[in-house]
Amino acid sequence: MRRLEDLSDDELIAAYQVADRSVPHLRANFVSSLDGAVEIDGKSKALTSESDSRVFSVIRRLADVVLVGAGTIRDEGYNPLRLSKSARAWRTAAGLAENPTLAMVSSRLELSPVNPVFQSAVRPIIVTHAASPADRRAALAEVAEVLVLGEAEVDLRAAADEFAARGMTQILSEGGPHLLGALTDADLVHELCLALAPLLAGPGAGRITAGLPTTLTRRMRLESALAAGDDYLFFRYLREA
């Protein structure tokens, strides 16, 4: 297994680059404890490390859209989406927009227009449905583009198609578990990047996916694995054709 510390930034980027950026691709990225916990005391940040942050930054650098559920925005205290100077320079040289676009999925639109996340480098997008509160849609339209897709629930497939039509083919889902469950149910997940933190969290915490139970499974294949000096493991799984 390759060591994360042995890879240069360019080599790490190459390890997570897709074969063809013109093909729509949805990548989910999560960190989990060894016993499957997605958070500790309600926060996923308690599971992260310096090595995880390095991989996280590279995965973000490669995205056109960063897709996040509104609950995760609230619970995790999401910062505005702005990449580092070096990441922006790399993206510009690669012919990409300086920063990816943050897209938030919300049914109830329980997001405050003054949330700092709306100060992202690129005007964010909110994806909701026609039954969401009209007054909240109007208020949030002042600070973000609001896409109404679906009648009583968000049509995630339509959202992915809309992003692709705008040339934003590379979608990165950063959570939370209910969004991953919905994306899996819609059969939209092409890739899962999973970081394993060397911790046992014990019972109580949820998994990286949530939603209605199902017996339908989707086979993934291991594309790569990296080990870090802090005992974190990083797995990249791709959907089998």
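**Figure 1. Y232 in close-up, a buried tyrosine in a predicted model.** Y232 has a relative accessibility of 6%. Buried means under 20% relative accessible area, so Y232 counts as buried. F234 has a relative accessibility of 2%. That value also makes F234 a buried residue.

**Figure 2. The ring pair of Y232 and F234.** The structure holds two aromatic pairs. Y232 and F234 form a stacked one. Their ring centres are 6.3 Å apart. Their ring planes meet at 20°. Planes under 30 degrees apart count as stacked, so this pair earns that label.

**Figure 3. The ring pair of F235 and Y237.** Here the ring centres are 6.2 Å apart. The planes stand at 35°, so the pair is tilted. How exposed are the two partners, F235 and Y237? F235 is buried, with a relative accessible area of 15%. Y237 is partly exposed, at 26% relative accessibility.

**Figure 4. The largest cavity and its lining.** Rolling a probe the size of a water molecule over the atoms shows where empty space is left. The structure holds two cavities of 30 Å³ or more. The largest has a volume of about 80 Å³. Its lining includes Q17, V18, R21, H25 and R27. I59, L62 and A63 also line this cavity. So do Q170, I171 and L172.

**Figure 5. Strands and residue types around the largest cavity.** Two strands, β2 (25-33) and β7 (170-173), each supply at least two lining residues. Which element gives the largest share of this lining? The answer is β7, with three residues. By type, the lining of the largest cavity divides into six nonpolar, three polar and two charged residues. R21 and R27 are among the lining residues, and Arg counts as charged.

**Figure 6. The second largest cavity.** This cavity has a volume of about 40 Å³. Its lining includes L26, L67, L183 and L188. I171 is another lining residue here. I171 also appears in the lining of the largest cavity.

**Figure 7. Helix α6 at the second largest cavity.** Helix α6 spans residues 156-165. This helix gives the most to the lining, with four residues. L156, A159, A160 and F163 are among the residues that line the second largest cavity. What types of residue make up this lining? The residues divide into nine nonpolar, no polar and no charged.

Notes. Residues numbered from 1 in each chain as written. Predicted model: local features only at pLDDT ≥ 70, side-chain atom pairs only at ≥ 80, totals over all residues. Heavy atoms only, no water. Phe/Tyr/Trp six-rings, centres within 6.5 Å; stacked < 30°, edge-to-face > 60°. Buried < 20%, exposed > 50% of the residue type's maximum accessible area, 1.4 Å probe, protein only. 1 Å grid on protein atoms, 1.4 Å probe; cavity = no way out; pocket = protein on both sides within 12 Å on 5 of 7 lines; lining within 4 Å. Points joined across faces, edges and corners; volume = space filled by probe spheres on them.
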